[in-house]
Amino acid sequence: DGVAHPLRADRSKLYMADLESALHYSLRVEAARASSLSGAQLAALRCYVGTLVKYFPGRPSVQTYLQTLDAWLRNWTEPELPRTVLKEAMKNNRDGSHPSVLPTNVTWVGCQGSERHFRGYPCGLWTIFHLLTVQAAQNGPDKELPLEVLSTMRCYVRHFFGCQECAEHFEAMAAKSMDRVASREEAVLWLWSHHNEVNARLAGGDTEDPKFPKLQWPPPDLCPQCHKEERGVHAWEEPAVVAFFKAHFSPANIYMDYAE
Ligand code: FAD
């Protein structure tokens, strides 16, 4: 029937439909909400698209889409970018031998909630940034630009994330400790541990999907070796968490189920 059923999603997998839906929403809806972009907000969009070009493991037509948009944004030299002009530049182009296409439908698979108002976009946005921190750690020099992806996320969330309260919470966490991150692998762990901090804060609250309770992630059934006990107290085995992230947030773990 083409409609994803939450019970069919496998929690050990990533789904391209979630990633592309979140990309579409983050670019064409959230980043294109203001009547025009300028200054730090325009810089945040350029930074986001530039980081996606470097590290998002998309299919060829999506990579072409991101490269085309990146080049277009770098060519835009006026201080103000009107939304109407941006929207035009964000359209798909199927002509020629290199189609430039980011699907415009929104289909949640791994991020599908048990009701419409649960999960979806915020889940997809977390997933994109975990994937980007891991890809940047796998494909870049560990000690150079350790904050490349995290500072992109910080700017994106501050300037575009529609949940204002979430953006304020995230900015507070970033301001407290993000600049102590000294390597790309530490950036992976920073995002992991701060996402878990958010999970702990939101557990049992009214934004929690009862079918998807907030967990300290990855739970033991996904990664038994990530957990240990020290003097009877739960602790994380961080090297195992890094190894798990490199396998979980890898192109080989992205499945095409329900992708357009
Ligand atoms: P999510 O927390 O969205 O996680 C998505 C998926 O990522 C999970 O299904 C799991 O597979 C995986 N995952 C879970 N934890 C981790 C981890 N530690 N590391 C790696 N992967 C993990 N909501 C609020 O109500 N208040 C807020 O202040 C708030 N702040 C937010 C800040 C940001 C930057 C973002 C992106 C979202 C924020 N949200 C906030 C939304 C909230 O965090 C969830 O995204 C939303 O409630 C949907 O939850 P979910 O069950 O789909 O899991």
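**Reading the ligand shell and the aromatic pairs**

User: Before any feature is read, what kind of model is this?

Analyst: The model is predicted. The ligand is a suitable place to begin.

User: How should one read the surroundings of the ligand, and which residues come nearest?

Analyst: One may begin with the residues around the ligand and then ask which elements supply them. Here 23 residues surround the ligand, and R119, H169, W192, H195 and K214 come nearest. Helices α5 (121–139), α7 (164–177) and α8 (184–202) each supply at least two residues of this shell. The largest share, seven residues, comes from α8. By residue class, the shell divides into 13 nonpolar, six polar and four charged residues.

User: Which side chains have polar atoms close enough to the ligand to be listed as contacts, given a cut-off of 3.5 Å?

Analyst: A polar contact is a pair of N or O atoms within 3.5 Å. In the side chain of R119, an N or O atom is 2.7 Å from an oxygen atom of the ligand. For H195, a polar side-chain atom lies 2.8 Å from a ligand oxygen. H130 has a side-chain N or O atom 3.4 Å from a nitrogen atom of the ligand. As to cover, the ligand taken alone exposes 940 Å², and the protein buries 90% of that.

User: R119 has appeared twice. Where is R119 found, and what is the sign of its phi?

Analyst: R119 is found in the loop between α4 (83–89) and α5. Its phi is positive, about 65 degrees, although R119 is not a glycine. With a relative accessible area of 26%, R119 is partly exposed. R119 also lies over the face of F212, at 4.0 Å from the ring centre. Another charge placed over a ring is that of K13, whose charged end sits over Y255, 4.2 Å from the ring centre.

User: Which other non-glycine residue has a positive phi, of about 40 degrees?

Analyst: That residue is L145, with a positive phi of about 40 degrees. L145 is found in the loop between α5 and α6 (148–160). Its relative accessible area is 57%, so L145 is exposed.

User: How is a pair of aromatic rings described, and how many such pairs does the structure hold?

Analyst: A ring pair is described by the distance of the centres and the angle of the planes. The structure holds 14 aromatic pairs. In one of them, W192 and W236 stand edge-to-face, at 5.1 Å centre to centre and with 90 degrees between the planes. W192 lies in helix α8 and W236 in strand β5 (residues 233–236), so this pair ties together parts that are 44 residues apart in sequence. W192 is buried, with a relative accessible area of 4%.

User: What arrangement do the rings of W217 and F245 adopt, and why?

Analyst: Their centres are 5.7 Å apart and their planes are at 80 degrees, so the pair is edge-to-face. The pair links distant parts of the chain, with W217 in the loop between α8 and β4 (227–230) and F245 in helix α9 (residues 238–248), 28 residues apart. In accessibility, W217 counts as partly exposed at 22%, whereas F245 is buried at 1%.

User: What joins W217 to P218?

Analyst: A cis peptide bond joins W217 and P218, with omega about 0 degrees. P218 is found in the loop between α8 and β4.

User: Which residues do ring pairs link into a cluster?

Analyst: The cluster is made up of Y48, F129, Y156 and F160, linked by ring pairs.

User: Is E30 buried or exposed, and what does its side chain contact?

Analyst: The relative accessible area of E30 is 5%, so E30 is buried. Its place is in helix α1 (residues 16–30). The E30 side chain makes a polar contact with the side chain of R33, at 2.6 Å.

User: Is R231 buried or exposed, and where is R231 found?

Analyst: R231 counts as exposed, at 84% relative accessibility. R231 is found in the loop between β4 and β5. From C-alpha to C-alpha, R231 and S114 are 39 Å apart in space, and they are 117 residues apart in sequence.

Terms used:
Residues are numbered from 1 along each chain as its sequence is written. This is a predicted model: local features need pLDDT of at least 70, side-chain atom pairs count only at pLDDT 80 or more; totals for chains, interfaces and linings use all residues. Side-chain values use heavy atoms; hydrogens and water are left out. A residue is near a molecule or strand if one of its heavy atoms lies within 4 Å of it. A polar contact is a pair of N or O atoms within 3.5 Å; within protein, one must be able to donate a hydrogen and the other to accept it, and residues adjacent in sequence count only if both atoms are side-chain atoms. Accessible areas come from the Shrake-Rupley method with a 1.4 Å probe; for residues, only the protein chains shown count as cover. Helices (H or I, at least four residues) and strands (E, at least two) are DSSP runs, numbered from the N terminus. Ala, Val, Leu, Ile, Met, Phe, Trp, Tyr, Cys and Pro count as nonpolar, Asp, Glu, Lys and Arg as charged, and the others, Gly among them, as polar. Rings of Phe, Tyr and Trp (its six-membered ring) pair if their centres lie within 6.5 Å; planes under 30 degrees apart count as stacked, over 60 as edge-to-face and the rest as tilted. Buried means under 20% relative accessible area, exposed over 50%, partly exposed in between (1.4 Å probe, protein chains only). A charge sits over a ring if NZ of Lys or CZ of Arg is within 6 Å of the ring centre and within 35 degrees of the ring normal.
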